[in-house]
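Work through the exercises below with the model open. Try each task before you read its solution.

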Amino acid sequence: MNHLEPASQSRQQQIFTVTRLNSAVRMILEQDLGLVWLTGELSNLAMPSSGHWYFSLKDMSAQVRCAMFKGNNRRVPFRPQDGMQVLVQARVSLYEPRGDYQLIIESMQPAGDGMLALRFEELKRRLGAEGLFDEGRKRPLPREPRAVGLVTSATGAALHDMLTVLERRAPDLPVFIYPTQVQGSAATAQIVSAIMLANRRAEVDVLIVGRGGGSLEDLWCFNEEAVARAIAGSAIPVVSAVGHEVDVTISDFAADLRAPTPSAAAELVAPDRSTRAQRLVHLRQRLIQAMSRHQVAARHGFVLLQKRLDHQDPKRRLEQQSQRLDELDRRLQQHLRDRLHQGERRLAGLAMRLQARSPEKLLAIGKRRHQLAEERLHALIAKRQDLARHRLAMLGARLDGISPLATLGRGYAIVRTPSGEVIRRASQVNAGQTLITTLAEGALRVRVDEVDNR
């Protein structure tokens, strides 16, 4: 008995109530997955009087239920509608009373800029996994370059800024310009071609690739995979100088060095009169990176603390109860609507059956059949008359074809004796004999002067 008791106690410890199980699953989902980004199409959007939003996010093959409480949906700058493509940040959770897996939406934005941001992160992750951004691939810039190449727009302000800095810092440094578009659908291929052209000519020691500031769409050509691979594959060290200091592109990660602005890139590649300045720039970059890493670590720690606080926050329980109340209200309203629709459908069915058996309708159907039969009879009589007329015309044409009158009409004549005998040979006639010649119109009485039997 003693050695069986621990096994019994172990089985008792593994027995869950449904409430405890759902609560444990919710904690696991929220702690392990945390915040996720996803995009999809809104459907079944409901906005009850409580101010909360309930909807589904779906794509071509799946969907998931979502809830966005009024404390968060007040920050949404647009009015969501069914069928709209959106990008959301959400917590994966479980609605405990019903045991439904759902998402608690923290933020929402229309798909567009959000999709570009997702494409940016996906390409950054994929190329980073290939090792394209590894620090071991980065090459130092030449301390005393023989010439500098600029891959940028020939009419942009960035070119003017870089030339001004290079003229001030190193007026004797040769500069080669490889003009290209830096915005639009054709810009990607032109930037790649310019980098390849600079490598073929091998006339510069360092390349600056970039442009001035702009929106995410304006800078998107520097987030294309072809440009990133061209920069990473360049035999000439490349400095990426795209936009302003806050702008970050895939080109920045693929280049040997990132400059916050085009002017700063010119500062970096131009020969410096003081090594201390170079050292300060290097230390500044290291400080920025260290601060960025520290901020990321601090932000991550803050998120973890916020999650722990959210799990113990009474507001979460209120949200669950509020969602439960909304669910019950929705089910009650749906039940009432279903009963009303059933009554309406039944009444409509009875009305249709009554109308189908109406004497007026049956009489109308009989009249219609009589009318159709009468129309078919008239059509058949007309058709028979047309066939008879056609046949009479054909017989008349055949009779005209064999009629002697038709032969006479072509210039021939019938010669007879006064007794009516038809003359077919000259030997039947004697000189001085009187004959009757019948023409197509009229007849002639003639006298034979001479007979020729040849």
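The exercises cover a strand, its neighbours, some salt bridges and a surface patch in this predicted model.

**Exercise 1. Decide whether strand β8 (residues 206–211) is enclosed or open, and check each face.**

Step 1. Count the buried residues. Buried means under 20% relative accessible area. In β8, 6 of the 6 residues meet that cut-off, so the strand is largely enclosed by the rest of the structure.

Step 2. Split the strand by face. V206, I208 and G210 lie on one side, and L207, V209 and R211 on the other. Both sets are buried, so both faces are covered.

**Exercise 2. Find the strands that pair with β8 and trace the chain to β9.**

Step 1. Take strand β6 (residues 148–152). β6 pairs with β8 in the parallel sense over 4 bridges. V151 has V209 of β8 as its bridge partner.

Step 2. Take strand β9 (residues 238–242). β8 and β9 are also parallel, with 5 bridges. Here L207 is matched with V238 of β9.

Step 3. Follow the chain from β8. It runs through helix α7 (residues 225–232) to β9, a right-handed β-α-β crossover.

**Exercise 3. Locate the salt bridges that involve helix α7, and state how exposed their residues are.**

Step 1. Start with E225. The side chains of R126 and E225 form a salt bridge, 3.0 Å from N to O. R126 sits in helix α4 (residues 113–129) and E225 in α7, 99 residues apart. R126 is partly exposed at 32%, and E225 is partly exposed at 24%.

Step 2. Move to R229. R229 bridges to E130, with the closest N and O atoms 2.9 Å apart. R229 belongs to α7, while E130 is in the loop between α4 and β6, 99 residues apart. R229 is partly exposed at 35%, as is E130 at 46%.

**Exercise 4. Place the R98–E327 salt bridge in its network.**

Step 1. Check the contact. The closest N and O atoms of R98 and E327 are 3.0 Å apart. R98 is in the loop between β4 and β5, E327 in helix α11 (residues 314–356), and 229 residues separate them.

Step 2. Compare the ends. R98 is partly exposed at 28% relative accessibility, whereas E327 is buried at 13%.

Step 3. Widen the view. R65, R98, D100, E327 and R330 are linked in a network of salt bridges. The structure holds 17 salt bridges.

**Exercise 5. Identify the residues of the nonpolar surface patch of about 240 Å².**

Step 1. List the members. They are F16, L21 and V25.

Step 2. Examine L21. L21 lies in helix α2 (residues 18–33). L21 is partly exposed, at 42% relative accessible area.

Terms used:
Residues numbered from 1 in each chain as written. Predicted model: local features only at pLDDT ≥ 70, side-chain atom pairs only at ≥ 80, totals over all residues. Heavy atoms only, no water. Patch = residues over 30% accessible without salt bridge, like charges linked within 9 Å, V, L, I, M, F, W, Y side chains within 5 Å. Areas by Shrake-Rupley, 256 points an atom, 1.4 Å probe, with all protein chains shown as cover. Salt bridge = Lys/Arg side-chain N within 4 Å of Asp/Glu carboxyl O. Helix = DSSP H or I, 4+ residues; strand = E, 2+ residues; numbered from the N terminus. Buried < 20%, exposed > 50% of the residue type's maximum accessible area, 1.4 Å probe, protein only. Pairing = 2+ DSSP bridges. Right-handed = clockwise from strand over helix to strand, strands pointing away.
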